[in-house]
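This report looks at one protein model. It takes up the sheet and its packing helices, then the salt bridges.

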Amino acid sequence: MKKHTIRLHPLGKELLANDQTLLIDVLHEFGIEFPCGGNGTCGKCKVRLLDGEIKTTDVHHRKIEQLGLSPEWRLACFSQCTSDITLEIEQFNHLILADESEFDFVPQKGFGVAVDLGTTTVVAQLIELSSARVLSVETMLNPQVKFGGDLISRIQACLDGYASEMTRIIRSAIGTMIELMLKKHEVDLQKVVLVGNTAMQLIFCNCDVSPLAMYPFHSDNLGMKTFNPEELGWKFQVVEKVQFYPSIGSFVGSDILAGIVATGLHYKENYTALIDLGTNGEIVVGNRKQIVCASTAAGPAFEGANISMGMRAVTGAISSFSLDLENIEVHVIGNTSPKGICGSALIDAVAILRRLDKIGLFGEINSGENHIKLTGKIILTQKDINEFQLAKAAIAAGLTILAHKLSISLSDIQQVFIAGGFGNYINLEHVSELGMIELPEERIYKMGNTALIGAKMFLFSDEKIINEILAKTRHINLEGDPNFQDIYVDKMLL
């Protein structure tokens, strides 16, 4: 297939993309957000076309005019790559928050780095503190994957004697990422902020992870960790400090703390929820007075684990299915041959098959066979459907129980923000239709990497706001609720 070069300014990055690849497929991994979910209404994903050609459809052209943009602008969510192009990423000139507003910050001197240390992916951005502009981005797979793709495997590897090695390789990897950005921009770093789930925090900080491996799964070592570059083995200087922000609970980390800040949940009068469909399937519900949070067992299925043809939201993954009359249409990330399905496509597939009456209320395949062909060689098995039911029920039950802990009903939650690696691809109608989030579609908003947004905000804030959030946040053990099992089983129905 014909390929084209995409050059990203001011990052200095060059990417190869297949002909007719959607820009949303190649840009989301760099921390670029699509706040309106790719509907072309917010204009926050706008890119300036510096060189090359991006053809516009009538709808795309109208969107550009409605947003008052001049002819050189395009919306990434409506654009395909059909030639070599050079783009200026406008979003990197501002920090966009969950409500589509710009971050109101006090300018500071110097430069900082925000790092989102994920179980699977690590993202780092170099930020100009006087303007909040992103000057450079580095992404990589977490090198710890050789010890296992999920948290349980990583924790077990630590218990098996590999803890020091896992600490060393992740510190080295992040140091290298920062060095690469500093080679492009010879600046003095004021500070480095890191966020991640609890296990990633403990491993990076060379702390004992064994409490996460045994009941009651409680660690007393979840607070803010401060380092100097030398003790991390980094060869560059940081004027102030390197900080790994505190976790909220044993399986609710500083990535969720960052998400709370990014959504503004902690200062809203109305109740708001944040759901991160990542490894731990974390859920937060609250307002300016009180916040509760929990982790669920939803993440593995939505990240492709335990699904026969499951995979992450990367090139080759089917990111969405849609129904045209009775024909199922697909979108493949990177416009290439499909290799499997990611979490958003799993949700779509179950919703469409349920609508076509190919699967029943209890998730059974109505034909009696053990799988359903989706497209080409891509299938969905009975086990896959059951895995989805378990994950879907975990989210729905978690949301219900957390609302109960706040003495409110689900209907009192006015906004739900969905974060996660495939957040931009989720079909909200299907999420609501399947009862995964039992609220009207218009209350649900798609977000991308809320952890990275929050980490960037931490560069401009003091620890006071963090202490205030932690003081009013309760970490809930969902399985400890006496009604959990009944609620969980009830939520498995489609």
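What follows describes a predicted model, starting with its sheet.

**The sheet**

Six strands make up an open sheet with mixed pairing. Their order is 10-9-8-11-13-12. Strand 10 and strand 12 (225-227) are the edge strands. Each has a single partner strand, so one side of each has no neighbour in the sheet. From one strand to the next, the twist averages 15°.

Strand 11 (residues 189-196) pairs with strand 13 (residues 238-244). The sense is parallel, and the pairing runs over five bridges. One contact can be named: L194 has F244 in strand 13 as its bridge partner.

Two helices deserve attention here. Helix 3 packs on the sheet and touches strand 8 (111-117), strand 9 (121-128), strand 10, strand 11 and strand 12. The direction of helix 3 makes about 145° with that of strand 10. Helix 11 (residues 450-458) also packs on the sheet. Helix 11 touches strand 8, strand 9, strand 10 and strand 11, and its direction makes about 150° with that of strand 8.

**The salt bridges**

Side chains of opposite charge can pair when their charged atoms come close. The structure holds 13 salt bridges. Among them are these pairs:

| Pair | N to O distance |
|---|---|
| E138 and K184 | 3.3 Å |
| E165 and R168 | 3.0 Å |
| E433 and R355 | 2.6 Å |

Which parts of the chain does the pair E138 and K184 link? E138 sits in strand 10 (residues 133-141), and K184 sits in helix 3 (residues 151-184). The two are 46 residues apart, and the pair links distant parts of the chain. E138 is buried, at 8% relative accessible area. K184 is partly exposed, at 39%.

The pair E165 and R168 stays within helix 3. The two residues are three apart, so about one helical turn separates them. E165 is partly exposed at 27% relative accessibility. R168 is partly exposed too, with a relative accessible area of 47%.

E433 and R355 meet in a salt bridge. E433 lies in helix 10 (residues 428-433), and R355 lies in helix 8 (residues 343-355). The pair therefore ties together parts that are 78 residues apart in sequence. E433 has a relative accessible area of 38% and is partly exposed. R355 is partly exposed at 40%.

Some bridges share partners. In this way R48, E72 and E88 are joined into one network.

Methods:
Residues are numbered from 1 along each chain as its sequence is written. This is a predicted model: local features need pLDDT of at least 70, side-chain atom pairs count only at pLDDT 80 or more; totals for chains, interfaces and linings use all residues. Side-chain values use heavy atoms; hydrogens and water are left out. A salt bridge is a side-chain nitrogen of Lys or Arg within 4 Å of a carboxyl oxygen of Asp or Glu. Helices (H or I, at least four residues) and strands (E, at least two) are DSSP runs, numbered from the N terminus. Buried means under 20% relative accessible area, exposed over 50%, partly exposed in between (1.4 Å probe, protein chains only). Two strands pair if DSSP finds at least two bridges between them. Axes are lines fitted to C-alpha atoms, for helices over the stretch in contact, and angles run from 0 to 180 degrees between N-to-C directions. Contact means heavy atoms within 4.5 Å.
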